[in-house]
Amino acid sequence: MYENIREEELKIRISETYFPEFDCAKIIGNIDFSVTIKKEFSFLETESVLWAEAKKGKADIFNSITQLILTVGKARTFEQTLPPAYLGAFDAEKIAFIPYNYIQEIFYLNDFNWNVAPSNYETKEFKMVLEKARAIIETNSLQFFYENDDQELREFIENNFISGKFGNQKIRIDKNNFITIYNKWLNLVKPTIAVNWALVKKIGIIDGDFYLADLLSSENESLKDNLYVLLKKNHYELDRKLDELGLFNFQKTSFLDKQKAHQIFWNKYERPPKTEYWDYIVERRDLLVPQDVRERKGSFFTPQIWVELSQRYLADVLGENWQDEYYIWDCAAGTGNLLTGLTNKNRIWASTLDRQDVDVMRDRILNGANLLENHVFQFDFLNDSFDKLPNELQEIVNDPEKRKKLVIYINPPYAEASATDTISGNKRHKSGVSTNKIYKQYFSILGRGINEIFAQFLIRIYMELNGVILANFSKLKILQSQNFSNFRQVFLAKLKKCFMAPSDTFDNVKGKFPIGFFIWDSSEKEKFSKIKIDIFDGIKKWIGKKNIVLVEKNKVILNWMQQFYDKKGERLAYMVRGASDFQNNRIVFVTTNPSTIVVKHSQTHNITKNNLIQNCIFFAVRKSIKATWLNDRDQFLYPNKKWEKDKEFQSNCLAYTLFNNNISSKYGVNHWIPFTETEVDSMRKFDSNFMTDFINGKIKDDSLSLLPKKTANLTANLEFSAEAKTVFDAGRNLWIHYHQTIKDMPILGEIANVNASLYDIREYFQGRNEKGRMNSSSADEKYNELMAILRAKMQVLANKIEPKIYEYGFLKG
């Protein structure tokens, strides 16, 4: 994280980032870095909380702490200054702490020569201290990596670097962070366990079982006997079975590194969690798999508020006594929480992909869950034959009349065969999504819609269980997405009722978009065209209805834009266009950088003088309305023709694009400067005055040749609104400040970039961080003020443009 900086700068960065409330400037003996309580907060003259060794680059923590011990011991610093709560060491990627009292006995070694150079790692004294310190450090140190453990490091400092406090307060684990900590455990502890993971998986054990054994333990002894794996001090026991004598037989495995990584990792955390979280954590074992596996398996725990509401909607459609009149099968049950609240257990079936989830459900039955044990079974819905179903359920499935009384009630997985990163050139498909039987069987007729697992569930239900009532949670793209056009030609079940809720109320779902609950009757054939869908906010409050209308094929904004493509005119920039819905707005931008990944993968077209206005309309329409969870799946449409006569709308879209783009003069001549040299007091002439000439009507385009029918020349008589003019004023002040700044720096004056774009100006003032990302603000307060004014004026302009977007049919309200 802090690679390629000098040690002194590293110390400054660490003090500013993690210890801003402390005094890190005090020099104590020959110690590299000290953290002391500021005088106003301490009763002592100098109260240290940390003495540390600092190293640039990446260093061995054991060597660094050993060097610190020799430095302190040689100068007997602890005799002149009160020792700290912690000793430590840090480098460019990590920091480690060890309570001082664990180390202090080393300072009192008999017959030890302290008069050696602490930095000489080859002396016998260094090696002797290293040997003694290593075991103590391995057992008791707390190590944090800046990039992965930032929040935990800050929490540790906040809880432990307190005046007068000695002894660690470890990080507590609860139902909100146990998955995050599991992901860290995967990287640091799992590789040190002596297990053939492919073989243990065959007996139904996953790495998460080892994590649970660790987590639900005290002093390295597991506290729950019904776990699949138990931690026993320095080894694990697994595959425990009763023999004919009633005795347990089990397999045993230990660690590859003598449990060192395990010890260092768990030093940071309080084990076990509070007992009130134990059952929840064990029940959510389905989440203890890597993210891509969770998505494929469908570990999207349905919140109870939506479980209850979905069952109320089912009662509205099927009648008050629906649970006694219909059979219910959750064929993507996970651990069964969607079935909570159902009353007639004799008519409920639950199946899931993993044996362990079946065991969890059966364990829940023992604790009062309203299910029958023989109605809970393992079944791979996307691969297995219905011949594997329990006999009673098979009879229902095979009888067309009984099937009409079967409700398939599911919240299936939301994974895609390829995620959005396909756009960036990563075409790897997610494991298990595009290799199952249903995908292969229906791909030829459904095309890209089959890439989503929930669609695979739905198409098998519709095609092979026709006549059932289907009640499912899923994304809304089934109703709106162009990728689902083939799907909608085949899936002709009648949509009876539905509601939508924000995705961030669902466990383990990334992003902010609507998740719908749909009730379909597959015995009634009807092609979806439109519906008014109920909207609920995150606390189940009804906030209105939303019109969902099917978009006709070839009637989205990209189809409109295609008529203006210009392959002959001189390129002014690339338009990176994305797909036609709100969720893809994040990859819509204007750039001159030909190395941008999406440019390389042809998600672009050229902006020329002949299609500049149309491109600016496309861009402003896409960008001026903020994306929310409610509109995330809305499609931008092929507009009506009213926009062609609205000069102010066209001009405002040009103004919006001029001050909201990624144009950079690094990649060629900048044609996008919206001011003349005189307006901004430039010290040299610009390489291009194209944009001001265009705005002033000096450049005539050939847009007529791009249109199927004649329209007015779009460059004639631009008419900027008052809102657009204030944007130009704010932008002009920003450009003036930039040119004044570079003019006042004579050393840079000869090489200063007078052709700077808005993006270049932002980069100049804001700079970039260690990862190459542009910082969010500048040390120049005048710049920050001018940029804030510009952004505020841009928002006013966006508000001016917004109603026109609906009036001209780019969006439907």
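**Exercise 1. Surroundings of a glutamine**

Find which residues Gln259 touches once its neighbours within four places in sequence are left aside, then describe its setting.

*Solution.* Step 1: with those neighbours set aside, Gln259 is in contact with Asn220, Lys233 and Asn234. Keep in mind as you work that this is a predicted model.

Step 2: place the residue along the chain. Gln259 sits in the loop that links β11 (248–253) to α10 (260–266).

Step 3: look at its side chain. A polar contact of 3.4 Å joins the side chain of Gln259 to the side chain of His262.

Step 4: decide on burial. The relative accessible area of Gln259 is 11%, and the cut-off for buried is under 20%. Gln259 therefore counts as buried.

**Exercise 2. Reading a sheet**

Work out the strand order of the open sheet of 9 strands, and say which strands stand at its edges.

*Solution.* Step 1: follow the sheet from one side to the other. The order is β15-β14-β13-β16-β17-β19-β18-β20-β21, and the pairing is mixed.

Step 2: pick out the ends. β15 (376–378) and β21 (542–549) each have a single partner strand, so each has one side without a neighbour in the sheet.

Step 3: check the twist. Ignoring direction, neighbouring strands here are turned by 20° against each other on average.

Step 4: zoom in on one pair. Strands β13 (residues 327–330) and β14 (residues 348–352) run parallel and are joined by 3 bridges. In this region, Asp330 stands opposite Ala350 in β14.

Step 5: add the helices. Helix α13 (residues 304–318) lies across β16 (406–410), β17 (469–475), β18 (493–502), β19 (514–525) and β20 (530–536), and runs at about 155° to β18. Helix α19 (residues 453–464) also packs on the sheet, where it touches β16, β17, β18 and β19. The direction of α19 makes about 165° with that of β17.

**Exercise 3. A strand with two partners**

Determine which residues of β22 (residues 573–576) are buried on each face, and how the strand pairs with β24 and β23.

*Solution.* Step 1: sort the side chains by face. Ala573 and Met575 are buried on one side, Tyr574 and Val576 are buried on the other, and both faces of β22 are covered.

Step 2: turn to the pairing. β22 is antiparallel to β24 (residues 604–607), with 4 bridges between them. It is likewise antiparallel to β23 (residues 589–591), here with 3 bridges.

Step 3: use Tyr574 as a marker. Tyr574 stands opposite Asn606 in β24 and opposite Thr591 in β23.

**Exercise 4. Cysteines**

Establish how many disulfides a search of the whole structure finds, and examine Cys616 and Cys653.

*Solution.* Step 1: the search finds 0 disulfides.

Step 2: test the pair. For Cys616, the nearest cysteine sulfur is that of Cys653, 7.7 Å away, whereas a disulfide requires sulfur atoms within 2.5 Å.

Step 3: compare with the burial cut-off. Cys616 counts as buried at 1% relative accessibility, and Cys653 is buried with a relative accessible area of 0%.

**Exercise 5. The whole chain**

Summarise the chain by its helices and strands, burial, contacts and accessible surface.

*Solution.* Step 1: there are 31 helices and 24 strands.

Step 2: of the 813 residues, 55% count as buried.

Step 3: take the contacts between residues at least 6 apart in sequence; 68% of them join residues at least 24 apart.

Step 4: the accessible surface is about 36900 Å², with 48% belonging to carbon and sulfur atoms.

Key. Residues are numbered from 1 along each chain as its sequence is written. This is a predicted model: local features need pLDDT of at least 70, side-chain atom pairs count only at pLDDT 80 or more; totals for chains, interfaces and linings use all residues. Side-chain values use heavy atoms; hydrogens and water are left out. Helices (H or I, at least four residues) and strands (E, at least two) are DSSP runs, numbered from the N terminus. Buried means under 20% relative accessible area, exposed over 50%, partly exposed in between (1.4 Å probe, protein chains only). A polar contact is a pair of N or O atoms within 3.5 Å; within protein, one must be able to donate a hydrogen and the other to accept it, and residues adjacent in sequence count only if both atoms are side-chain atoms. Contact means heavy atoms within 4.5 Å. Two strands pair if DSSP finds at least two bridges between them. Axes are lines fitted to C-alpha atoms, for helices over the stretch in contact, and angles run from 0 to 180 degrees between N-to-C directions. Accessible areas come from the Shrake-Rupley method with a 1.4 Å probe; for residues, only the protein chains shown count as cover.
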